[in-house]
Amino acid sequence: MALDALSRDAEVEVVGLLTSVTRSYDRISVHGVRRSMLEAQVERLGLPLFEISLDPNCTNDAYEAAFQAALQEIRWDFPHVCHIAFGDLFLEDVRAYRERLLSGSGFEPLFPIWGIDTADLARRFIADGFAARLVCVDTTQLDARFAGRLFDEQLLADLPVTADPCGERGEFHTFVSDGPPFSAPIPYRVGETVLRDDRFVFCDLE
């Protein structure tokens, strides 16, 4: 949704994507999505990918060092770029952390969907033709049975009132397989569902 909002802004040119990947697992950090699925997204979005390369269970200092290394790579390839955009919605402490990370880096943060009501945003996501599936569920906040479900109107109806419709407090994470910025949908099959750390349920996609 953040990318879609930026693409509709005549004053913004998006030149790349940035995400964190856990090296030894070869999966997107936190989400647990396979690199092959990430590569399929990158191909259909038609933008180069810059990676924040992390070790499993990395410290916050290690994360910040990897983040800064990725910024240097972006600066090298795109010296004219002056903004890094984030898809954060309303968590003030997270926004402040992003701003601190970029302080003195030569990049300014953008928050293109900040402050939008998340119930409205979730419904708009579905209405605009995006497709997503829940790939990680925090079982301290949401029932494990939500893992693997499609992000659709029925899911929104079934979410408890304590859960944010966009999972902004970490209740769940999704894999987006289609939407307006994509040149074509990503075909995939749903694999096994596993519990990690006695807390997080991951649904594998291939």
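Colleague: Let's start with the helix that catches my eye: which elements do the buried residues of α2 pack against?

Modeller: They pack against α1 (2-7), β1 (17-22), β2, β3 (49-54), β7 (172-178) and β9. Contact here means heavy atoms within 4.5 Å. Buried means under 20% relative accessible area, exposed over 50%, and partly exposed in between, with a 1.4 Å probe and protein chains only. The buried residues in α2 are M37, L38, A40, Q41, V42, R44 and L45. Just after α2 comes G46, with a positive phi near 70°.

Colleague: Before I read further, what should I know about the model itself?

Modeller: It is a predicted model, in which local features need pLDDT of at least 70 and side-chain atom pairs count only at pLDDT 80 or more, while totals for chains, interfaces and linings use all residues. Residues are numbered from 1 along each chain as its sequence is written, and side-chain values use heavy atoms, with hydrogens and water left out.

Colleague: Fine. How many helices and strands does the chain have?

Modeller: Helices (H or I, at least four residues) and strands (E, at least two) are DSSP runs, numbered from the N terminus. This chain has 6 helices and 9 strands. Its radius of gyration is 17 Å, close to the 17 Å from the globule rule for 206 residues, so the chain is as compact as a globular protein of that length. That radius is taken over C-alpha atoms, and the rule is 2.2 Å times the number of residues to the power 0.38. The C-alpha trace spans about 45 × 35 × 35 Å along its principal axes.

Colleague: And what percentage of the residues count as buried?

Modeller: The figure is 39% of the 206 residues. Looking at contacts between residues at least 6 apart in sequence, 65% join residues at least 24 apart.

Colleague: How do I read a positive phi?

Modeller: As a general guide, most residues other than glycine have a negative phi. Here V30, which is not a glycine, has a positive phi of about 70°. V30 is found in the loop between β2 (27-28) and α2 (35-45), and it is exposed, at 55% relative accessible area. D198 also has a positive phi, near 55°. D198 sits in the loop between β8 (190-196) and β9 (200-205) and is exposed at 72%.

Colleague: Is D138 buried or exposed?

Modeller: D138 counts as buried, because its relative accessibility is 2%. The residue lies in strand β6 (residues 131-138). Neighbours within four places in sequence aside, D138 is in contact with G170, E171, R199 and F200.

Colleague: How many disulfides does the structure hold?

Modeller: A disulfide is a covalent bond between the sulfur atoms of two cysteines. The test used is a pair of cysteine sulfur atoms within 2.5 Å. The structure holds 0 of them. For C136, the nearest cysteine sulfur belongs to C203 and is 10 Å away. C136 is buried, at 2% relative accessible area, whereas C82 is partly exposed at 36%.

Colleague: One last spot: which residues does P165 touch?

Modeller: Not counting residues up to four places away in sequence, P165 touches T118, A119, A122, F151, L156, L159 and F172. P165 lies in the loop between α6 (153-158) and β7. Its C-alpha atom is 9.7 Å from that of F151, with 14 residues separating the two along the chain.
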